[in-house]
Amino acid sequence: MTACQPGILKPIPAVARYVTYTLQPGADARATLRKLCAQADGERTLAGLGLSLVTALGRHIDELRAFPEFSGFGIDVPSTPSALLLWLRGEDRGEIVNRHRALDDLLAPAFTRTGVIDAFTFDGRHRRDLTGYEDGTENPKGGKAVAAAISKRKGIAGSSFLAIQQWEHDMHRFEAMPRREQDHTFGRRRSDNVELDDAPESAHVKRTAQESFDPEAFVVRRSMPWSEGARCGLVFTAFGSTFDAFEAQLRRMVGVEDGVTDALFRFTRPLSGAYYWCPPVNNKKLDLSTLKL
Ligand code: HEM
């Protein structure tokens with residue numbers, strides 16, 4: 001039976017690794033992708049294909065496009081596409097490291113690895129960003145999550161569209177703000193996660209309030225904190241039945257609608273941004289029949 005990759009709807013895992021690849025010049029990825037299908041169950045190993053890979057295979061998916069760049073109001077939002085993304089999810093970092101090495105070897109005939117990000121859960125009960133604010137509270141649940149994240153369109157049913165950005169926090173800058181300003185940055189109180197009615201228009205949850213868009217812009221967020229050496233931040237991930245809801249939120253965050261930019265930009269900025277098509281699974285294997293594979 002065809003279904004969405006189960007990792008999309010499950011809570012975030014204890015540890016994870018995001019790995020990106022480009023297609024080698026002139027490589028025929030078909031045989032390698034067939035091998036990947038058997039290894040990517042969509043739960044422990046979730047896969048997303050970028051526009052460059054789908055078009056290299058001579059195929060087209062209406063919803064799949066390139067991540068938009070934005071520049072303005074002192075903010076740069078980069079677009080850093082790649083051919084393939086793997087989200088390795090697990091409980092044990094050592095196991096993920098070894099799984100990653102095996103997948104690198106499997107992909108080596110056609111793909112070159114371009115990036116690795118190690119991510120983790122902060123406070124498993126509340127799933128917090130490194131600033132201490134709970135992340136994911138307003139995610140749709142149950143049938144609403146399925147409706148927001150999974151496509152029902154004939155031909156690609158069970159697919160999802162993943163927007164992903166690596167954000168780097170300036171924790172010193174954030175920690176230097178008085179607590180009230182920190183709470184107003186998000187629009188929620190850190191101590192009890194209550195939404196603040198008196199938060200300014202720039203507050204993150206006011207910018208992104210999903211019901212406030214026309215049409216409503218619901219996504220399923222599965223973001224995870226990351227760190228490398230002394231650097232840290234959030235790997236923001238949003239799954240949608242298309243990219244439209246995410247893009248509407250991002251446009252409002254960067255001030256395209258009204259010149260008001262999201263207060264988050266005062267202490268964090270995106271280093272990357274990419275869109276991927278996450279195909280369905282069939283019998284715990286990636287189903288690339290849409291691509292005639
Ligand atoms: C460093 C980057 C980010 C951080 C630390 C962050 C953190 C948070 C936190 C703490 C909340 C409040 C609790 C919740 O409902 O989850 C939230 C809400 C939300 N965020 Fe973010 N976020 C980030 C980037 C983004 C981006 C790039 C988008 C989309 C373009 C986004 C979309 C949303 C949405 C849709 C909500 C729920 C709004 C609502 O309907 O109330 N976030 N975020």
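**Helix α8, the ligand shell and selected loop residues**

In the predicted model, the buried residues of helix α8 are Ala-245, Phe-246, Glu-247, Gln-249, Leu-250, Arg-252 and Met-253. Helix α8 is thus mostly covered, with seven of its 10 residues buried. The cover over these buried residues includes the strands β4 (70-72), β5 (75-77), β8, β11 and β13 (274-278), together with helix α7. After α8 comes Gly-255, which has a positive phi near 90°.

Helix α8 also takes part in the surroundings of the ligand. With four residues, α8 gives the most to the shell around the ligand. The ligand occupies the space of the largest pocket. Two or more residues of the shell come from each of β8 (160-169), α7 (204-208), β11 (231-240) and α8 (244-253). The shell is mixed in character, with 11 nonpolar, nine polar and six charged residues. There are 26 residues around the ligand, and those that come nearest are Gly-136, Glu-138, His-204, Gln-210 and Arg-221.

Polar contacts to oxygen atoms of the ligand involve both backbone and side-chain atoms. At Gly-136, a backbone N or O atom is 2.5 Å from a ligand oxygen atom. For Thr-137, a polar backbone atom is found 3.1 Å from an oxygen atom of the ligand. Gln-210 contributes a polar side-chain atom, which lies 2.8 Å from an oxygen atom of the ligand.

Helix α6 (residues 179-186) has its own set of buried residues, namely Gln-182, Asp-183, His-184, Thr-185 and Phe-186. These buried residues pack against two helices, α5 (171-175) and α7. Helix α7 is therefore a partner of α6 as well as part of the cover of α8. Gly-187 follows α6 and has a positive phi, near 90°.

Helix α1 (residues 30-39) contains Thr-32. Thr-32 has a relative accessible area of 5% and counts as buried because this value is under the 20% cut-off. Apart from residues up to four places away in sequence, Thr-32 touches Leu-106, Leu-107, Pro-109, Ala-110 and Phe-111.

Ala-40 is placed in the loop between α1 and β3 (45-49). Its relative accessibility is 0%, so Ala-40 counts as buried. When residues up to four places away in sequence are not counted, Ala-40 touches Thr-45, Ala-47, Lys-284, Lys-285 and Leu-286. Ala-40 and His-169 are 129 residues apart along the chain, and their C-alpha atoms are separated by 31 Å.

Another buried loop residue is Glu-63, with a relative accessible area of 13%. Glu-63 lies in the loop between α2 (51-56) and β4. Neighbours within four places in sequence being left aside, the contacts of Glu-63 are Arg-153, Ile-156, Phe-161, Ser-241, Thr-242 and Phe-243. The C-alpha atoms of Glu-63 and Asp-28 are separated by 24 Å, and the two residues are 35 apart along the chain.

Some backbone angles in the loops call for comment. Most residues other than glycine have a negative phi, and most peptide bonds are trans. Asp-123 is not a glycine, yet its phi is positive, near 65°. The position of Asp-123 is in the loop between β7 (111-120) and α4 (142-149). Asp-123 has a relative accessible area of 30%, so it is classed as partly exposed. Asn-283, also not a glycine, has a positive phi of about 50°. Asn-283 belongs to the loop between β14 (281-282) and β15 (285-286). Asn-283 counts as exposed because its relative accessibility is 64%, and the cut-off for this class is over 50%.

The peptide bond between Asp-214 and Pro-215 is cis, with an omega of about 0°. Pro-215 is located in the loop between α7 and β9 (220-221).

Note on methods: Residues numbered from 1 in each chain as written. Predicted model: local features only at pLDDT ≥ 70, side-chain atom pairs only at ≥ 80, totals over all residues. Heavy atoms only, no water. Near = heavy atom within 4 Å. Polar contact = N/O pair within 3.5 Å; in protein donor to acceptor, adjacent residues only side chain to side chain. 1 Å grid on protein atoms, 1.4 Å probe; cavity = no way out; pocket = protein on both sides within 12 Å on 5 of 7 lines; lining within 4 Å. Sits in = over half its atoms within 2 Å of the grid points. Nonpolar A, V, L, I, M, F, W, Y, C, P; charged D, E, K, R; others polar. Buried < 20%, exposed > 50% of the residue type's maximum accessible area, 1.4 Å probe, protein only. Contact = heavy atoms within 4.5 Å.
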